[in-house]
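Please look over the model shown below before reading on. The notes that follow are grouped by topic.

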Amino acid sequence: MDHIPIIALAEAYAKDKMKLYDPGHDWWHVLRVRKLSISINMIENIADPLILDLAAILHDVADSKFNNSEAYAELENFLESTGVPGLNDRLPGIIKNVSFSNKNKSGNLSDPVLMVLQDADRLDAIGAIGIARAFSYGSSRNNPIYLPPDEHGAMEPSTVRHFYDKLLRIKDLMNTDTGRKMAGERHKFLDTYLEQFYREWNV
Ligand code: ADP
Ligand code: NI
C-alpha cells in the first residue's frame, strides 16, 4: 500500500469538513493531535502508525457539535472512495468512540489506536492550549465566561463550569501510562489558572 496519497486525501477531506468549525477545532488542533499521538505511540508502541495517523487526521470530521448524523455515512463514502481495503471496518468505529461527549460507545473499546488517539485528543483539551480552546468554544456559543454559584453551591453553565464538568476529570480518564504522565503537568496548569482566576474575580 502506498501511504502518501491516502494521507494527502484524508488531509484534504478533513480540512474541507472542518473549515467552518470553531478555532478550537481547526486544522492546528488536528496537527497537534497527530503529533501527540505519534509521541505517545513512540513510547507505548501499541498502535499501527498509518491507521493511527489516518484516525488522527479524520477524528473530528463527524463531530456532532458541528454535524448531523449523515456525516458518518459521508465519511464511509470517503473511505470507500480511497480504494484502500479495510478502512471502513475500523476507522468509523474508532472515530465514533474517541469523542468525550459520545455516551453511546460500541464496538472495540480497547482498540490500541483508540487508546492512543483518545489520549492525544484529551491532552489537547487541557493545559494552556486546552484553556484557550475552552474559551474559544464557549465564545463561539456565546456562553458566559463564569457565573458564580448560587447559595446552594450550584453553578449555571459557563466555560469555567466546563472545567469541572470535563477538563479537571481528564487526567483520571487517560488510557496509557504515557498519556497519564503528560496529563499531570497540564492538569496542574488548570489548577493554577483557576486559582488566579478566582483571585482576580474576587478582588
Ligand atoms: P470530544 O471532541 O472529545 O467530544 P469535546 O468536543 O467535548 O470533546 O471537546 C472538544 C473541545 O471543545 C475541548 O477543548 C473542550 O474543552 C471544548 N468544549 C466542549 N464543550 C465545551 C463547553 N461547553 N464549554 C467550553 N469548551 C467546550
Ligand atoms: Ni479533537
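What follows is a briefing on the metal site, two of the helices, the core and some individual residues.

This is a predicted model, in which local features need pLDDT of at least 70 and side-chain atom pairs count only at pLDDT 80 or more, while totals for chains, interfaces and linings use all residues. Residues are numbered from 1 along each chain as its sequence is written, chains are lettered from A and ligands numbered from 1 in the order in which they are written, and side-chain values use heavy atoms, with hydrogens and water left out.

**Nickel site**

- The nickel ion (ligand 2) has as its protein donors His29 (NE2), His59 (NE2), Asp60 (OD) and Asp121 (OD), at 2.1 to 2.3 Å; donors are N, O and S atoms within 2.8 Å of the metal (3.2 Å for Na, K and Ca), and water is not among the atoms, so sites may look incomplete.
- The angles among the four donor atoms run from 85 to 175°, and the site is irregular; four donors count as tetrahedral if all angles lie between 85 and 135 degrees, four count as square planar and six as octahedral if opposite donors are over 155 degrees apart and all others between 65 and 115, and anything else is irregular.
- Along the sequence, the donor residues of the nickel ion (ligand 2) follow the spacing H-x29-H-D-x60-D.
- Because His29 belongs to helix 2 (residues 27-44) and His59 to the loop between helix 3 (49-58) and helix 4 (70-81), the pair ties together parts that are 30 residues apart in sequence; helices (H or I, at least four residues) and strands (E, at least two) are DSSP runs, numbered from the N terminus.
- His29 is buried at 0% relative accessibility, and His59 is buried at 3%; buried means under 20% relative accessible area, exposed over 50%, and partly exposed in between (1.4 Å probe, protein chains only).

**Helix 2 and the residue after it**

- The 18 residues of helix 2 reach 25 Å from the first C-alpha to the last, close to the 26 Å expected at 1.5 Å a residue, where the expected span is 1.5 Å times one less than the number of residues.
- At the start of helix 2, a side-chain oxygen of Asp26 comes within 3.1 Å of the backbone nitrogen of Trp28; a polar contact is a pair of N or O atoms within 3.5 Å, of which, within protein, one must be able to donate a hydrogen and the other to accept it, and residues adjacent in sequence count only if both atoms are side-chain atoms.
- The buried residues of helix 2 include Trp27, His29, Val33 and Ser37, and the buried residues of this helix pack against helix 1 (3-17), helix 3, helix 6, helix 7 and helix 9 (177-201).
- Asn45 follows helix 2 and lies in the loop between helix 2 and helix 3; its phi is positive, about 55°, although Asn45 is not a glycine, and the residue is exposed at 65% relative accessible area.

**Core and helix 5**

- The largest nonpolar core has 58 residues, and Leu54, Leu91 and Leu117 are among those with the most contacts inside it; a nonpolar core is a set of buried Ala, Val, Leu, Ile, Met, Phe, Trp, Tyr and Cys residues joined through side-chain atoms within 4.5 Å.
- Helix 3 gives the most to this core, with eight residues.
- Leaving aside neighbours within four places in sequence, Leu117 is in contact (heavy atoms within 4.5 Å) with residues including Val33, His59, Ile94 and Val98.
- Leu87, Leu91, Ile94 and Val98 are among the buried residues of helix 5, and their cover includes helix 3, helix 4 and helix 6 (112-123).

**Thr82 and helix 7**

- Thr82, in the loop between helix 4 and helix 5 (87-98), is buried at 18% relative accessibility, and a polar atom of its side chain lies 2.6 Å from the backbone oxygen of Leu79.
- Ala134 lies in helix 7 (residues 127-140), is buried at 10%, and touches Thr159, His162 and Leu167 when neighbours within four places in sequence are set aside.
- Ser136, also found in helix 7, is buried at 15%.
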